[in-house]
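Reader: I am new to this structure and would like a close look at one part of it, followed outward into its surroundings. Could you take me through it slowly, in one connected account?

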Amino acid sequence: MFKIFDYVSGLFKFKDLLQQLVIRDIKLKYRRSFLGYLWSVLNPLGTMIVVALIFSQIFRFEVQNYPAYLICGQVIFNFILESTNAAIVSITGNASLLKKTYVPKYIFTISKVSSSMVNMIFSMIALVLVVMITGVKFTPYSLLSILVILQVYVYALGLGLFLAQVSVFFRDIQYIFGVLTTLWMYCTPIFYPITILPNNIGRIITMFNPLVSYVTQFRELLVYGRLPSMDLIISGILWSIFVLIIGLISFKKNQDEFILYI
Amino acid sequence: MNTPEIIKVEKAGVRFNLASEHINGLKEYIIKFIKGELIFQEFWALRDISLTVKKGEAWGILGVNGSGKSTLLKLICQILKPAEGTVWVNGTIAPLIELGAGIDGELTARENIYLNGAILGHSKNFMQEHFDEIVDFSELHQFLDTPVKNFSSGMAARLGFSIATVIQPDILIVDEILSVGDIAFQRKCEDRMQHMLENGATLLYVSHSIDAIKSLCTNAIWLDHGSMIASGPVEEVSEKYLESQSR
């Protein structure tokens, strides 16, 4: 356990590098596009409007304040999608650097997840806009949503570290994961309420998909202005810590082999 | 007499699996497995290398292409871990293994200075303090806000060298990088390296120019196919090396 602690504390020495890498990603993401960073706000807003239009006409769900409900789910899921997809290639994509300089290898994965996180914070602007327009009152609970973001971040970091090290040895994981995320999206109550699922399926999904916890916590705090149930919070925190530990251990175990395979 | 040792390599070896490079899919893997060809062909890029470098010495590394020179440098920089033996290094390293490493073509020269500095482990404040110095040395004032992808390889090398040598390192590792710069800049780099040596830095230098090695180094090591053929005073080793080459 102490070893893992030492391992992580090495990050402190390279915090400037982490910062530089995150800045680079953000700068390059929208460089040469006219609207630039505004896209981080416009993108989730646009998709939300499209999905909201479709689902309010074709399928109707008994959901209070559907646009706000929808965008909460989307912001979280898009973050997971973006960060894991960036993390998965973070080691293989930086092969030239890893071969020629000595830096802690996990820094590339962490920087990718962190820059997706910054992007998510931009899209929170869109979320706040929607919440305000639909007439939801801000409560002190809204601020607690930061804790949910933190849980999702830790979870994405663990998953990203795990996937990054797997993809060094087994590139196919990128494509497999691509298919799995589609399944994952439908198994997460983003555009539907979990109550429409048959009881046992709903229970299984809640048990094995931590995103259910994150998305629900997020909505309870931001849209419905109340504290989520203790079960949800605890399972969310436990999931994120569990996945982070798995990610760190697997990454640390295999990192010395990376250079032979990239 | 009592100069402390700064690098100590003992019976070190680096192993690559040649076969693992070629099997790229499950199908191929299964076919090879059935055929019984799945014996990992081991390739020792370095084997049984022992080297002790004392503080302030300058070592040239000689050898033909693919003889393991860069692998040895990477081993000392801790980019590679030895599969056998030990590598012990005491001091800060300025690795000039490849000047392009860490330079992002999409970013401007200014942004790259900060990014590359961070990769070398410098803090942002440190880079701010030395920013002008780096720009002055590279002579790229005019192109500070140009994306580096539009630079020539010589200009990129200037930038890389200027960033990497901004500190006075304990160990300077130079891997045949100055060949792209023009003569004036090559001379400037050599002056800077000479200056660092005078200030007590230890140098490891790979070059195919025997003259450059002779002028900078006191000792030399000759590698061939991953094993050490000779090591010792530069004159002795380079003579042996030249002899073998002219044959």
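Author: A good place to begin is B:Q78, which follows helix α2(B) and has a positive phi, near 70 degrees. This is a predicted model, and what follows should be read with that in mind. The helix that comes before B:Q78 spans residues 69-76 of chain B, and because seven of its eight residues are buried, it is largely enclosed by the rest of the structure. Those buried residues are B:K69, B:T71, B:L72, B:L73, B:K74, B:L75 and B:I76, so that by the cut-off applied here each of them has under 20% relative accessible area.

From this helix we can turn to the meeting of the two chains, where B:I79, B:I119 and B:K124 are the residues of chain B that lose the most area to chain A, together 24% of what that side buries. Chain B and chain A bury about 2,200 Å² between them, and 60% of this is on carbon and sulfur atoms. In terms of contacts, 29 residues of chain B touch 22 residues of chain A. The side of chain B that touches chain A is made up of eleven nonpolar, eight polar and ten charged residues. Two elements of chain B, β1 (5-17) and α3 (109-119), give two or more residues to that side, and α3(B) gives the most, with five residues.

The charged residues lead to the salt bridges, of which there are four between chain B and chain A, out of a count of 15 over all chains. Six residue pairs across the two chains are in polar contact. One of the salt bridges joins the side chains of B:K81 and A:D256, at 3.4 Å from N to O. A:Q255 lies in the loop between α12 (230-254) and α13 (258-261) of chain A; at 14% relative accessibility it counts as buried, and beyond its neighbours within four places in sequence, A:Q255 is in contact with A:Y7 and A:K105.

Another salt bridge is formed by B:D104 and A:R24, whose closest N and O atoms are 3.0 Å apart. B:D104 lies in the loop between β5 (93-96) and α3 of chain B, whereas A:R24 is in helix α2 (residues 15-29) of chain A, so this pair joins two chains. Both B:D104 and A:R24 are buried, and they belong to a network of salt bridges that also links A:D25 and A:K112.

Within chain B, a salt bridge between B:K149 and B:E106 has its closest N and O atoms 3.4 Å apart. B:K149 is in the loop between α4 (124-138) and α5 (153-164), and B:E106 is in the loop between β5 and α3, so the pair ties together parts that are 43 residues apart in sequence. Here B:K149 is partly exposed, at 43% relative accessibility, and B:E106 is partly exposed as well, with a relative accessible area of 38%.

Finally, the nonpolar interior deserves a word. In soluble globular proteins, nonpolar side chains tend to be buried together. The largest nonpolar core has 79 residues, and A:L17, A:F79, A:L127 and A:F218 touch the most other members. A second, separate core of 28 residues includes B:L96, B:A164, B:A212 and B:L216.

How values were computed. Residues are numbered from 1 along each chain as its sequence is written. Chains are lettered from A and ligands numbered from 1 in the order in which they are written. This is a predicted model: local features need pLDDT of at least 70, side-chain atom pairs count only at pLDDT 80 or more; totals for chains, interfaces and linings use all residues. Side-chain values use heavy atoms; hydrogens and water are left out. A nonpolar core is a set of buried Ala, Val, Leu, Ile, Met, Phe, Trp, Tyr and Cys residues joined through side-chain atoms within 4.5 Å. Buried means under 20% relative accessible area, exposed over 50%, partly exposed in between (1.4 Å probe, protein chains only). Contact means heavy atoms within 4.5 Å. Buried area is the accessible area (1.4 Å probe) that two parts lose on being put together, summed over both. A polar contact is a pair of N or O atoms within 3.5 Å; within protein, one must be able to donate a hydrogen and the other to accept it, and residues adjacent in sequence count only if both atoms are side-chain atoms. Helices (H or I, at least four residues) and strands (E, at least two) are DSSP runs, numbered from the N terminus. Ala, Val, Leu, Ile, Met, Phe, Trp, Tyr, Cys and Pro count as nonpolar, Asp, Glu, Lys and Arg as charged, and the others, Gly among them, as polar.
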